[in-house]
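Colleague: I am new to this structure and would like to learn how to read it, feature by feature. Could you show it to me?

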Amino acid sequence: MIAIIKYNAGNVKSVYNAVTRLGFEAVITDDFETLQNADKVIFPGVGEASSAMAYLKEKGLDKIIKNLKQPTLGICLGQQLMCAHSEEGNVDCLDIFPIQVKLFPSTEIVPHMGWNTIFDLKTDLFNDVKENSDIYYVHSFYCELSEYTIAKTDYILEYSAALNKNNFYATQFHPEKSAGIGEQILKNFLSL
């Protein structure tokens, strides 16, 4: 059973639809026991970092997420909230990945919206995904490159398209909106 974390951040339903299309049973929940007992957990999100963190803390979900033992996938805002600190609202986040989330320099159009390529792919999350595959983005903030970077994208600068540390995985892009490539990445995560 796949648990999708419900925390007042948009895009939860499209992730649910993508997971069930792949033939997996999924539930959207903020119930502690359900999250702890799920086979896999997905932490999606579209929204603003400081208000999302305030909600997670208010509900006690911040502690639950950090202590999950099963494979857990953060998507977009979910990835950013897994980092140490975000410039969006100047907020301390979950600190699963000890890196910073920064605002793109305004030398190009921000937000970064649309299709872009991923490269330097590492880990089983990218099995059967070719270098320079196109995936879909919508974001104004990015996660720095680090030892946890398992995929990169270049927009204004190179940044972490995906991260991995132990059982925690995260993507800045939206696999649920990235057609066949995104479906393969989701399938890879659900098969870990």
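Modeller: The turns below go from the whole chain to single residues.

Modeller: This is a predicted model, in which local features need pLDDT of at least 70 and side-chain atom pairs count only at pLDDT 80 or more, while totals for chains, interfaces and linings use all residues. Residues are numbered from 1 along each chain as its sequence is written, and side-chain values use heavy atoms, with hydrogens and water left out.

Colleague: How many helices and strands are there in the protein?

Modeller: Helices (H or I, at least four residues) and strands (E, at least two) are DSSP runs, numbered from the N terminus. The protein has six helices and 13 strands. Its radius of gyration is 15 Å, close to the 16 Å that the globule rule gives for 192 residues, so the protein is as compact as a globular protein of that length; the radius is taken over C-alpha atoms, and the rule is 2.2 Å times the number of residues to the power 0.38. Along the principal axes, the C-alpha trace spans about 45 × 35 × 25 Å.

Colleague: What percentage of the residues is buried?

Modeller: Buried means under 20% relative accessible area, exposed over 50%, and partly exposed in between, with a 1.4 Å probe and protein chains only. Here buried residues make up 55% of the 192 residues. As for contacts, which mean heavy atoms within 4.5 Å, residues 24 or more positions apart account for 69% of those with a separation of 6 or more.

Colleague: Which residues of α6 are buried?

Modeller: They are Gly182, Gln184, Ile185, Leu186, Asn188, Phe189 and Leu190. The helix α6 has twelve residues and reaches 17 Å from its first C-alpha to its last, close to the 16 Å expected at 1.5 Å a residue, where the expected span is 1.5 Å times one less than the number of residues. Asn188, which lies in this helix at residues 179-190, has a relative accessible area of 9%. Not counting residues up to four places away in sequence, Asn188 touches Asp124, Leu125, Phe126, Asn127 and Val129.

Colleague: Is Leu81 buried or exposed?

Modeller: Leu81, in helix α5 (residues 77-81), counts as buried because its relative accessibility is 0%. Leaving aside neighbours within four places in sequence, Leu81 is in contact with Tyr7, Phe43, Ala49, Ala52, Met53, Leu56, Cys93 and Leu94. Leu81 and Pro44 are 37 residues apart in sequence, and their C-alpha atoms are 10.0 Å apart in space.

Colleague: What should I look for in the backbone angles?

Modeller: The general idea is that most residues other than glycine have a negative phi, and most peptide bonds are trans. In this model Asn90 has a positive phi of about 45° although it is not a glycine; Asn90 lies in the loop between β5 (83-86) and β6 (91-92), and counts as exposed at 60% relative accessibility. Asn132 also has a positive phi, near 65°, and is placed in the loop between β8 and β9 (133-139), where Asn132 counts as partly exposed at 46% relative accessibility.

Colleague: Which residues does a cis peptide bond join?

Modeller: A cis peptide bond joins Val110 and Pro111, with omega about 15°. Pro111 is found in the loop between β7 (97-103) and β8 (112-118).
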